[in-house]
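Here is a friendly walk through a protein model. Keep the 3D view open while you read, and turn it as you go.

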Amino acid sequence: MTQSKDFNIVAETGIHARPATLLVQAASKFTSDVTLSYQGKDVNLKSIMGVMSLGVGQGADVTIKAEGDDEEAAIKAIVETMEKEGLAK
Amino acid sequence: MTKNFKGIAASNGVAIAKAYLLVDPELSFEKTVIKDVTAEQARVDDALKASSKDVEIIKTKAEQNLGADEAQVFEAHLMILSDPEMSGAFKQKIADEKVNAEQAVKEVTDTYVSMFEAMTDNAYMQERAADIRDVTKRVMSHLLNVSLPNPALINEPVILVSKDLTPSDTAQLDRQFVKGILTDMGGRTAHASIMARTLEIPAVVGTDVATKEVASGVTVIVDGLTGDVIVDPSAETLAIYEQKATDYLAQRAEWALLKDQQSVSADGKHFTVGANIGAPKDMAAVLNNGAEGVGLYRTEFLYMESDHLPTEDEQFEAYKSVVEQMDGKPVTVRTMDIGGDKHLDYWKLPEEENPFLGYRAIRISLDQTDIFRTQLRALIRASAFGDLWIMFPMIATLAEFRDAKKIYLDERAKLEAAGVVMGDIKLGIMIEIPAAAVLADKFAKEVDFFSIGTNDLIAYTMAADRGNDRVAYLYQPYNPSILRLINNVIKAAHDEGKFVAMCGEMAGDPIAVPLLVGMGLDEFSMSAPSILQTRSLMKKLNTADMKLLAEKALDAETNDEVIALVEATVK
C-alpha cells in the first residue's frame, strides 16, 4: 500500500530555503521511499537537490507519496512539518 | 632562509607563530579510466564523510561565533553532502563510464550547478549553486588529498595568512589560536584591520606578497607596530621579537591602570575619550577599556544583521541596552548610514555608478521618511534611559539638517502627546562632506554638536577611495588641507559654544592626537582598544605646547612635514 497526500503550498517562498531542509530532514527519518510530485515530475524527498530542483513556488499543488514499512508514520511526520511551518494547507 | 618584507601596520602588538595559509589549493586533476569500480566508489564515500566532518566543525564554530541563523547555511551544506540522489549519481557515473571519482564528482555537480544557475528568476536557487560549488570544492580537496583551509578548522596557535579577509572569515576567527593576521591587500581602514583591532590581534596588511612569500607551517613574525614581517627568523631575531612582544604586553598592562581615570592633559585639561561601536555586543570592550562615552554608535549594523527592516521595538531594545550600560555617560547614535559600500539583501537600493557619491545615509532617510521616522521614534523612546545624542550622517547642506530636525521634532511631539517618557536629546551632524566642513560656522548656529568623521572626510577631500590600493597614498590624514578643515570645524563650533567630537580613525591616531589636543577638540571617539593608549598619551601633552604645534602644522606644506613636526615635539 502506498500512502499519499496532496498539499497546496501557501508559504510565500514556496519550498525553498528552510522549508526544503525541514521536509528533507523529516523524510530522511524513515526507511520508506518518500517522493514529492509536482507538475508530473517525481523526486526523492530525502534529496535536498531533488527537492530544490523542482522549484516549487507559492500556490503550487504537490503530492507526497510514501511506500515502505513506516509509510504511515512518514506521511504523518510530513503533514506535521507542513502545518507547523505554515507551508501548506 | 629568512625573508623580510613590509606592509601596513594595522593592529598593534607583536605575534610569532606558524603560518596558516587561508588560500584555496590547486584542485585540478586528470580524467582517468578506472578498473576497480567498488574501490573508486569507496573513495567517494570517504571524501563525502570527511567533508561532512569538516563542515560539522565549521558549523559548530559558526553557531558559537555568529549565531544559529548564520550557521544555517552549513546545515544546507551537510544536507547536500548526505544527499542520497547526488551520491547515487556519483557512483552510477563511476560504474557506467569507468571514470575516476574526481571526474564523476565534477560532472554531476556541474549539472546541478548549471541547473540551479539557470533559474535566473530565483535568487535563492542561484545562491544554492554557490553552496554546491563550495561543497564540491571540499569534496574534491579530500579526493585529491590536499587541505582546504577554513578559519574554523584551526586548532593550534597560528598567524593567519591570506589575500584578504572577508567579514565571514573574521567572524570565524578563534582568538585562542589566531595570534596574528597577515594579508596581501587592504589598508588600515579595511574590514580585516578594524576587526583585528577590535579583537586585539596584531596585524600587518597590504603586503602584496604575503601569500606568495609565506608557506604553511613556517614560523612568521608579524610586527603590527611597524608593519615588519619576518619569515623563518634566525634564533637571534626571534629572541629580539619575543622581547618586543613581552614589552608591548607590559605596556598594555600599564595602560590598563588608566581604565577608571579621566582623560586629562599634563596641564589638567579634560578631554572626553569615547568608543565607537556597531552593536550592543561591542559594549564589553567599551566598558573594559574605560570609555567616557560612546561617540559613535553605527546603527546600520542593526539593519545589516537583520533579514528585514528592524522594527521600532527591535531598535528601541538595542539603543536602550547601550544607553543603560553607559550608565548616564553620553551615547551619540548615528542614524543609519546604508548605501556606499553597505548593502541590504532585503531592501534593494538602485545600482549606481558612484555609490559613495550617491544615494546613501541621510539622503535615503529624507527620501524614505517612514524608515527614518521609525528609527527616530525608537531613539526618542530610548533617551529616557540615559544621555542619548542623535547625529545625522552625510549632511551636505543646511536644508538637509533642517529637514531632518523637523521630522525629529514632529515625531518627538507625537510621542510627547502620547505620554511617552523621554530625555533631553542633543541633535548634531557628522562632518564628513567638505561642503559642511567649510560652512561649519553656519551649521554651528543650528546644531548642538559636530562629530567629524575623518575616514570619509579625507576620502571626499582627496577624491580618493581609501580601499583602492593604487590611490591609497592619498589617504593623508595629516595633510595640512585636512587639518585646516578640521580646525575650521572646531573653531566654528567653539565660537558658538558648541561641542565638537571626532569619531574617525584619526581620533585614536598617536600622530593626530597631539594636533587635535592643540586645536581644542572636545571628544575623541575611537575603537575601544585604542582608548587607554590615547589616555596615556594625553597625560604627557601640555595644551599650550600642542597649540603651538598645531599652529605650525596648519602652516606646513605636506603630510610628511606634519609627521616630522609631531615626532620632533612629542617624544
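## Arg298 and Arg334 in chain B

Let's start in chain B of this predicted model. Arg298(B) sits in strand E11, which covers residues 294-298 of chain B. Is it buried or exposed, or something in between? Count its surroundings: 19 other C-beta atoms lie within 10 Å, so Arg298(B) is classed as partly exposed. A residue needs 20 or more such atoms to be called buried. Setting aside residues up to four places away in sequence, Arg298(B) touches Gly278(B), Arg334(B) and Asp337(B).

One of those contacts, Arg334(B), deserves a look of its own. You'll find Arg334(B) in strand E12, residues 330-334 of chain B. This one has 26 C-beta neighbours inside 10 Å, so Arg334(B) counts as buried. Once neighbours within four places in sequence are left out, its contacts are Leu296(B), Tyr297(B), Arg298(B), Thr299(B), Met391(B), Pro393(B) and Met430(B). Both arginines also turn up in UniProt: an unreviewed entry there gives the feature "binding site" at Arg298(B), Arg334(B), Asn455(B), Asp456(B) and Arg466(B).

## The eight-stranded sheet of chain B

Next, find the open sheet of eight strands in chain B. Reading across it, the order is E1-E8-E7-E3-E4-E5-E6-E2, and the pairing is mixed. What does "pairing" involve? Strands of a sheet pair through backbone hydrogen bonds, and they can do so in a parallel or an antiparallel way. At the edges of this sheet stand strand E1 (3-6) and strand E2 (8-11) of chain B; each has a single partner strand, so one side of each has no neighbour in the sheet. On average, neighbouring strands here are turned by 30° against each other, ignoring direction.

Zoom in on one pair. Strand E7 (residues 219-223) and strand E8 (residues 228-231) of chain B run antiparallel and are joined by four bridges. In one of them, Val222(B) is partnered with Val229(B) of E8(B). Helices pack on this sheet too. Helix H7 (residues 191-199) of chain B touches E2, strand E5 (178-183) and strand E6 (203-205) of chain B, and its direction makes about 45° with that of E2(B). Helix H9 (residues 235-256) of chain B touches strand E3 (14-21), E7 and E8 of chain B, at about 115° to the direction of E3(B).

## A loop residue with a faraway partner

Which residues come together although they are 200 residues apart along the chain? Try Val218(B) and Lys18(B), whose C-alpha atoms are separated by 5.2 Å. Val218(B) belongs to the loop between helix H8 (210-213) and E7 of chain B. Leaving aside neighbours within four places in sequence, Val218(B) is in contact with Lys18(B), Ala19(B), Val231(B) and Asp232(B). It has 16 C-beta neighbours inside 10 Å, so Val218(B) counts as partly exposed.

## Two crossing helices, and the meeting with chain A

Now for a pair of helices. H2(B) and H5(B) pack at an angle of about 65°, their axes 10 Å apart, and their crossing is right-handed. From H2(B), the contact uses Val73(B), Ala76(B), His77(B), Ile80(B) and Leu81(B); from H5(B) come Asp131(B), Ile132(B), Asp134(B) and Val135(B). By class, that makes six nonpolar, one polar and two charged residues.

These helices show up again where the two chains meet. There, 15 residues of chain B are in contact with 13 residues of chain A. On chain B's side, the elements giving two or more residues are helix H2 (68-81), helix H3 (84-97), helix H4 (101-117) and helix H5 (123-143). H2(B) gives the most, with four residues. Sorted by class, chain B's side has 10 nonpolar, one polar and four charged residues.

## Chain A

Chain A has three helices and four strands, and from the N terminus on they run β-α-β-β-α-β-α. Of its 89 residues, 42% are buried. Take contacts in chain A between residues at least 6 apart in sequence: 70% of them join residues at least 24 apart.

The four strands form an open sheet in the order E1-E4-E2-E3, with antiparallel pairing. Its edge strands are E1 (3-8) and E3 (41-44) of chain A, each pairing on one side only. Neighbouring strands are turned by 25° against each other on average, direction ignored. Strand E2 (residues 33-38) and strand E4 (residues 61-67) of chain A pair over five bridges, and Val34(A) stands opposite Ala66(A) in E4(A).

Notes
Residues numbered from 1 in each chain as written. Chains lettered and ligands numbered in written order. Predicted model: local features only at pLDDT ≥ 70, side-chain atom pairs only at ≥ 80, totals over all residues. Pairing = 2+ DSSP bridges. Axes fitted to C-alpha atoms, helices over the stretch in contact; angles between N-to-C directions. Contact = placed C-beta atoms within 7 Å. Nonpolar A, V, L, I, M, F, W, Y, C, P; charged D, E, K, R; others polar. Buried ≥ 20, exposed ≤ 12 C-beta atoms within 10 Å, placed from the backbone. UniProt positions renumbered as here; feature names shortened; annotations may be inferred. Left-handed = near helix turned anticlockwise from the far one by under 90°.
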